[in-house]
Amino acid sequence: MTDSQGLPRRNPAAEPGGDAGLAVLLARVARGDQPAFEEVYDRMAGPVLGMVRGVLRDLAQSEEVMQEVLLELWRTASRFDVAKGSALSWVMTLAHRRAVDRVRAEQKLAERELRAASAQIDYDDVTEAVEATLERERVRRCLGSLTDLQRESVTLAYYGSYTYSEVSGLLGVAIGTVKTRMRDGLIRLRDCLGVE
Amino acid sequence: MKRADTDLHTLAGAYALDAVSDADRTRFEQHLAGCEACAQEIRGLREATARLGASAAIRPRAELKARALLAAARTRQLPPVAPDAPARPGRGPASAAIGAMSRLGRRPWLARLATAVAAASLAVAVAMGVLVMGAQHRLHADQARGHAIAAVLSAPDVIMLTAQVATGGTATVLESRHEHSLVFTAAGLLALPAAKSYELWLMGPGGSRAAGMLPPPKGGMVGPMVVAGLAAGDRVGLTVEPAGGSAQPTSAPILMLGLGS
């Protein structure tokens, strides 16, 4: 579903009951329901593409990965289990893992290091042309509530696709500290976003 | 290398961010399998990362959609995993985090297929190609028409095209050059006043040929309609015409679909 400008009309996370709707759609997709798949595409192609581009930077590659992810949703929809987490989380987890795998397979650490310095500010950069500014603002505000080290650890890992030991090297902080900051940072983000 | 559980537990954040090595992931997932509190925490952290990722949404180029739908129509789906099947390790976060079984999938696979086929749209039937021949009588009461549809669906060169109708709704065309036929379905079309009807056309280099009036929708769905006589260069057009139909289109097409080759 899109509005007149072709923008995604809904953010699955922001819309009340939206995630349940996505879960129902996935259940229909699992039964081979093509119109339901089309709706899943309408809802999730934008969030998946935006996130993947945040990781890969290259738009053409990101489009490829987005298409792979959507096809994977079609193929494996029967594996989605509402008891194990939200539909949004299932989709974004699958997509993020794909993007990270792609980066790690194709880019040497040295190349990724070049981008390291900009990883934390690029969050602003990749959020152009986004639909739900409300949700984006909320996430941005919640990221702002993290300590600098928590935020850097989380964004370097999520958008920079670094492992915690790589982040440790990049930031010059002990491995144990980085692991703790990642966990604490995500817990704070989770609480701030009101995830139950 | 053995480490204390408390140490392993601090890996939760890095794991939820996919910021772990493969070895770490395997180790942590083994730990997760026996630690409900940890699994619970991962669920919460994954919601946070999902929101972080989704908030970066950008608009995909419009043409990517048709490609995705076509790819899906050509791709077999995985059946649900049996309830007692052990989770296979090392198959990525989806299999590990999502586990073996969908709640919605507890019915046996065959029963679910039957349900799906009974409720099927044509696109579903395509996705389940092998079932089409056996199940087409459920899809269509009219046997002759059913055979014609089945011939298109099972043609080796069948192609699916989907597009928005300008006045609202979505149309899907499955066409086979080999069979010189196409199957048309639509959903969510704008309801027309009694004096008007939708008419389908084959629009080729030599002009437009009437291909039939759309039947009234059932449950929001129109069709499936079989159109024979597809020629090279034809595209499918839809117009709004006076209720009885026209010999030639009298209004601008609200849909044009086709490969044109």
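A residue counts as buried when its relative accessible area is under 20%, as exposed when that area is over 50%, and as partly exposed in between (1.4 Å probe, protein chains only). By that yardstick A:Arg102 is buried, with a relative accessible area of 14%. This is a predicted model, so to speak of local features a pLDDT of at least 70 is needed, side-chain atom pairs count only at pLDDT 80 or more, and totals for chains, interfaces and linings use all residues. Residues are numbered from 1 along each chain as its sequence is written, chains are lettered from A and ligands numbered from 1 in the order in which they are written, and side-chain values use heavy atoms, with hydrogens and water left out.

Now for the charged pairs. Side chains of opposite charge can pair when their charged atoms come close. A salt bridge here is a side-chain nitrogen of Lys or Arg within 4 Å of a carboxyl oxygen of Asp or Glu, and the structure holds 23 of them over all chains. One of them joins A:Arg102 to A:Glu68, with 3.3 Å between the closest N and O atoms. The pair links distant parts of chain A, 34 residues apart: A:Glu68 sits in helix α3 (residues 59-76) and A:Arg102 in helix α4 (residues 87-106). Helices are DSSP runs (H or I, at least four residues), numbered from the N terminus. Unlike buried A:Arg102, A:Glu68 is partly exposed at 31%. Both residues also belong to a network of salt bridges that takes in A:Glu64, A:Glu72, A:Arg75 and A:Arg98 as well.

Helix α4 of chain A holds another pair, A:Asp101 and A:Arg97, which are 4 residues apart, or about one helical turn. Their salt bridge spans 3.5 Å, N to O. A:Arg97 is buried at 11%, while A:Asp101 is partly exposed at 36%. A:Arg190 and A:Asp191 form a salt bridge too, at 3.1 Å; here A:Arg190 is buried at 18% and A:Asp191 partly exposed at 48%.

A:Arg190 turns up again where the chains meet. Helix α10 (residues 175-193) of chain A and helix α4 (residues 36-54) of chain B have axes (lines fitted to C-alpha atoms over the stretch in contact, with angles from 0 to 180 degrees between N-to-C directions) that come within 9 Å and cross at roughly 75°. The two helices are therefore roughly perpendicular, a label for angles of 65 to 115 degrees. Contact (heavy atoms within 4.5 Å) involves, among others, A:Leu186, A:Ile187 and A:Arg190 on one side and B:Glu41, B:Leu45 and B:Arg51 on the other.

Methods. Angles under 35 degrees count as roughly parallel, over 145 as roughly antiparallel, 65 to 115 as roughly perpendicular and the rest as oblique.
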